[in-house]
Amino acid sequence: MKFGFGVDLGGTTVKLAYFDEAGTMLDKWEIPTNTAENGKYILPDIAAAVIKYMEEKKISREDIIGVGIGVPGAVNNKGIVAGCDNLGWGHFSVKDALEPLLDMPVVAGNDATVAALGECWKGGGQGYKSVVLVTLGTGVGGGIIIDGKPVHGFSGAAGEIGHIIIHPDGLTCPCGQRGCFEQYASTLALMHQTEQAIVAHPDSLLARLAQTEGVSYPLPFLATEQGCPVAAALIDRFCRDLAIGIDSLVHVLDPRHVVLAGAITSQGDLLLDPLLSHLHTDIPVTLAAHYEHAGVIGAARLFKGKDV
């Protein structure tokens, strides 16, 4: 039996996990992401964490297939990063930089694409060869697997689905466009919509709950559960816009399955039921099975080969 490491590199923390080649997660831990001096310490810190773990567990390099890493930025099919602004990175090869520090093979990919691999291998997309993973966070991201192969695009930026336009005359996005998907279907968008609803309906249950609970993306779901019509209408509008984006992706990419990931999916059927009522597609749209660990699972899948 051979083993490997999966690494999910985030702007705040780095998730690491140790796997056997069958995909069983044997251990997991985290280290902080040190973005000082344009991220020069990130890869050395990752290498040190892996080597320390191997020394503590008395793991031989001969038993390791390699290290897979998901990176929050555009990564082409050769593992070259086009740049990660939140890490301070420019254009360089993660593989070429990390391999000498570890003395073992390294495979790199975009974090959302890698998470999609993880869901296809061991999660909500298991058994499907063509899957789109939609990540709902501060923005909206995506990972695309078609015919078992990750889609990278020319520069590695395929999957930037948050910037498809769903309302041409809509809100201005920091990218310079108007009406981008993530301006309507991200957790940040939902929080802004919640704040607007509270101002418009100061006597609503939603507004009263905000005084004790604070404004967060779970708030309108909590208020909806307690029978607030203002919150229910807010969630319905949010899911309508989410459905517009998903329907557009389905028309363009023709996937067999769509998987939704992100902390907001912890709301379960409170999110999924109104979303399904607005979708025009008949393909399965489900919630991620392993969102918290999809990144490291997919990264581990990289060292087995990029196809699913």
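This is a short talk on two sheets, the helices packed on one of them, a cavity, and two residues with unusual backbone angles.

Before the details, please keep in mind that this is a predicted model.

I'll start with the five-stranded sheet. The sheet is open, its strands run in the order β3-β2-β1-β4-β8, and the pairing is mixed. At the edges stand β3, residues 25-32, and β8; each has a single partner strand, so one side of each has no neighbour in the sheet. On average, neighbouring strands here are turned by 20° against each other, ignoring direction.

As a reminder, strands of a sheet pair through backbone hydrogen bonds, and they do so either parallel or antiparallel. This sheet has examples of both. At one edge, β2, residues 13-20, pairs with β3 in the antiparallel sense over seven bridges. If you want a place to look, find Tyr 18, whose bridge partner in β3 is Asp 27. At the other edge, β4 and β8 pair in the parallel sense, over five bridges. There, Ile 69 has Ala 108 in β8 as its bridge partner.

Now the helices on this sheet. Helix α3, residues 94-102, packs on the sheet and touches β4, residues 64-71, and β8. The direction of α3 makes about 145° with that of β8. Helix α4 lies across β1, residues 3-9, as well as β4 and β8, and runs at about 105° to β8.

So is β8 buried or exposed, given its place at the edge? Four of its five residues are buried, so β8 is largely enclosed by the rest of the structure. To be clear on the term, a residue is called buried when its relative accessible area is under 20%.

β8 comes up again with the cavity. How many cavities of 30 Å³ or more does a search of the whole structure find? The search finds one. The volume of this largest cavity is about 40 Å³. Ten residues line it, and the closest to its centre are Gly 109, Thr 113, Pro 150, His 152 and Leu 302. β8, residues 106-110, and α4, residues 111-122, each supply at least two residues of the lining. Sorted by class, the lining has five nonpolar residues, four polar and one charged.

Next, the other sheet. This one is open too, with three strands in the order β5-β6-β7 and antiparallel pairing. β5, residues 74-75, and β7, residues 92-93, are at the edges; each has a single partner strand, so one side of each is left without a neighbour in the sheet. β5 is joined to β6, residues 80-83, by two bridges, and the two strands run antiparallel. The bridge partner of Ala 74 in β6 is Gly 83.

Last, the backbone angles. Two residues to look at are Asn 38 and Asp 147; neither is a glycine, and each has a positive phi. For Asn 38, phi is near 60°. Asn 38 sits in helix α1, residues 36-39, and is exposed, with a relative accessible area of 58%. For Asp 147, phi is about 50°. Where is Asp 147 found? Asp 147 is in the loop between β10, residues 140-146, and β11, residues 149-150. Asp 147 is exposed as well, with a relative accessible area of 62%. Both count as exposed because each value is over 50%.

That is the end of the talk.

Methods
Residues numbered from 1 in each chain as written. Predicted model: local features only at pLDDT ≥ 70, side-chain atom pairs only at ≥ 80, totals over all residues. Heavy atoms only, no water. Buried < 20%, exposed > 50% of the residue type's maximum accessible area, 1.4 Å probe, protein only. 1 Å grid on protein atoms, 1.4 Å probe; cavity = no way out; pocket = protein on both sides within 12 Å on 5 of 7 lines; lining within 4 Å. Points joined across faces, edges and corners; volume = space filled by probe spheres on them. Nonpolar A, V, L, I, M, F, W, Y, C, P; charged D, E, K, R; others polar. Pairing = 2+ DSSP bridges. Axes fitted to C-alpha atoms, helices over the stretch in contact; angles between N-to-C directions. Contact = heavy atoms within 4.5 Å.
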